[in-house]
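Student: I'm new to this structure. Could you take me through a single part of it, slowly, and explain the terms as you go?

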Amino acid sequence: MRKKCLHVNTAVIGFASLLILMLQLSCKSPDHTFKNHLQHASSPYLKEHADNPVDWYEWGDEALDKAKKENKPLLISIGYAACHWCHVMEEESFMDTAVARIMNENFICIKVDREERPDIDNQYSNILQLLTGSSGWPLNAFALPNGEAFFAGTYYQKKAWTSVLVQIAKTYKEQNKLVVTQADALKNGMADQQIIRPDSADLIDNRSQQAIYQLFSDSIIKHADILNGGLGGAHKFPNPAFVEFMLMRHYIAADNKALTIATTTLDKMALGGIYDQLGGGFARYTTDSAWRFPHFEKMLYDNGQMVSMYANGYQLTKNEFYKKVLIQTLAFVDKNMASPDGGYCSSINADSETGEGKYYSWGEKEFLNALNNEKIIAEYFHVIGRGNWENGKNVLYATQTPEEFATAKKIDPADFKSKLEVAKSKLLMQRNKRTKPTVDSKIITSWNSIMLKGLADAYAATGDEAYLTKAKQLSTFIETNLLSKDGSLKHSYLSSGISVSGFLEDYAWTAAAFIRLYEVSFEIHWLTLARQLADYSIAHFYNNNSGLFYFSQSLAKGLHNQITETTDKSIPSSNAVIAQVIYKLGIVYTDTIYTNMSLKMLDVVANRAVKMPQYYAQWGQLAGLSTAKSYEVVIVGTDALIKNKTFQQFYLPTCMVMGSTDKEDLPLLQNKLVSDKTLIYVCTNKLCKKPEELVENAVKQVK
């Protein structure tokens, strides 16, 4: 595989060297009366491009057939509504009539919303990764009429983009064999990447699961940023799966270093500019290593994962700061991302009319005027005259909690906290006068399920019934609008009613969220649906050869490789999530077919996980769950829900909780109901200890 990748990259270097500067064209005003094929698209992001002079098509038969008939290469531009550089490239190039003319005359141009079609995005992202070793958006790929890519890049300034277009068009016409050879090399290289063999050569010296878990733990800790938390690197992306692994690692092995890494991450992120210090909610990533200066787009999947992460952090540490962050984040999501149709919208733009981040940033004078020259607040948020960010603007961030700052300044912490809250309210009032960034109204199944799990986790951690009510409302929305009678899921919900079939991530996260909702509510309906979704996934996505699941049920026209997603990205690996789902269903239903399938999946990726642990934190959680002494906790009787509410407030990641007020509707509930008593059974491998009536005593049995 390595030799082939090197061969591909060598060919790429030769091909890319042909893309030399050839043309400079002046900008001409676009014709805003022109409407391309995106005017009827379902995606709000695609509709934004409907007035581009580029004759954009959606991915589908019409574009692919036209390319084949006219023997033109495909130009596939992939982006999403919250992407800053996607908007920049649109304004610079796609709204320029001279550039659009080159695109229209030489290519069949296809615009893709990566959130609506992650299967297409996966294929061309993998191509870009193969070519350059990295990926990003906007992603611009060039392909043969059948969809096989031969070149890809990300953002280009107009001058460079024009040159790329001209040279690729010229090379396609005059050196077509070279282009076809390049496409074949890339297709074979990508196919090679997808080969996963579940044989002994891919395992780790036949070590025990416990030894593999220890090896993984030692390895992933080496990749941690001890100073700022998270994983090392100049750019910082939230990686909740990494933090969740560290929390679980501490719980399982009393590993204080893991706990320090987790709490450092939780602290630094919540104080940094990645977190909106005024309105709550997390941005997608920061451009620095200390979480201070974000790209300002806000994604539902990030914020849903953050809620779960801070809920678990609060359960373990009882740090009220974490509770405050999760409450503020949920309030932010409700206020800014709730859809009037039900469910939650996918993202908030990084840009407003005044540019990227301008809605969130402050000049010193503007900041102080809003606060009647309250300089202590400016000092707390690091607001300075020359600006701490760019163009004289300041991003609000802190390096200490309010209590720590007040203590260091020798002022009363309570007084400072009160003053800070008043200042935040004034600043929010001022900020609300600005033009707000737009919201992408797509309701994506997997992302809403991540949010659903976050709501269930928030209820477990805080006991606030409002979160459980919202979780049930969201689960009902998903069941009603996205789950079909045949057991299949849609990928997204839009007012147009148009949606593609669900992907593995939709099934995995929805099943995981339904299991969690069952654990906190004891409503068997959600557990039953989770099992149905898992069974559907096994029937339609499972690859018997690899022992893992494909990302898509089948290949769409123009796609050439079934993707098996094993690594964590912005969202954890869908294979890792479905593996955890199947493992938990095996416990609940005492079904070894499920548990064996899950452990086989873990074995398949074990070697890769230990070598590159930073991409396998979600698998690491499964390794911890399957390696540690896990418990089945059964709560039955009239007060089962009341006692479960108390039990759930403890951080007990190796427990699977089941129960009922009046039914024995699961195998482990059989013969456990006793009249006039509510009992808690703590069991391991179906063998139960003496039942307890007090939650505290049951927790002691677990610990």
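Tutor: Let's look at the inner space and the helices around it.

A quick word on the ground rules: this is a predicted model, in which local features need pLDDT of at least 70 and side-chain atom pairs count only at pLDDT 80 or more, while totals for chains, interfaces and linings use all residues. Residues are numbered from 1 along each chain as its sequence is written, and side-chain values use heavy atoms, with hydrogens and water left out.

Start with the cavities. On a 1 Å grid over the protein atoms alone, a cavity is a set of points where a 1.4 Å probe fits but cannot get out; a pocket is an open set with protein on both sides within 12 Å along at least five of seven lines; and lining residues have an atom within 4 Å of a point. Grid points are joined across faces, edges and corners, and a volume is the space filled by probe spheres set on the points. By this rule there are five cavities of 30 Å³ or more. The largest cavity holds about 770 Å³ of space. Its lining has 39 residues, and Asn312, Lys453, Gln580, Lys584 and Gln621 lie nearest the centre.

Which elements give two or more residues to that lining? They are helix 10 (240-253), helix 12 (300-317), helix 18 (445-462), helix 20, helix 22, helix 24 (617-627), helix 25 (640-648) and strand 17 (655-660). Helices (H or I, at least four residues) and strands (E, at least two) are DSSP runs, numbered from the N terminus. By class, the lining has 22 nonpolar, eleven polar and six charged residues. Here Ala, Val, Leu, Ile, Met, Phe, Trp, Tyr, Cys and Pro count as nonpolar, Asp, Glu, Lys and Arg as charged, and the others, Gly among them, as polar.

Now take two of those helices, 12 and 18. Their axes come within 8 Å and cross at roughly 20°; axes are lines fitted to C-alpha atoms, for helices over the stretch in contact, and angles run from 0 to 180 degrees between N-to-C directions. Helix 12 and helix 18 are therefore roughly parallel to each other. (Under 35 degrees counts as roughly parallel, over 145 as roughly antiparallel, 65 to 115 as roughly perpendicular and the rest as oblique.) Helix 12 passes helix 18 in a left-handed crossing, meaning that the near helix is turned anticlockwise from the far one by less than a right angle; clockwise would be right-handed. Among the residues that meet here are Gly304 and Ala311 in helix 12, and Lys453 and Gly454 in helix 18, with contact meaning heavy atoms within 4.5 Å. This contact has eleven nonpolar, six polar and two charged residues.

Next come helix 20 (residues 504-521) and helix 22 (residues 574-588), whose axes come within 9 Å and cross at roughly 40°. These two are therefore oblique to each other, and helix 20 passes helix 22 in a left-handed crossing. Trp509 and Ile515 are among the helix 20 residues in this contact, and the helix 22 residues include Val581 and Lys584. The residues of the contact divide into ten nonpolar, two polar and two charged.

Helix 22 also leads us to an open space, the second largest pocket, of about 380 Å³. Of its 19 lining residues, Tyr583, Ile587, Thr595, Glu632 and Asn685 are the closest to its centre. Helix 22 and helix 23 (592-611) are the elements that give two or more residues to this lining, and helix 23 has the largest share, four residues. By class, the pocket lining has five nonpolar, ten polar and four charged residues.
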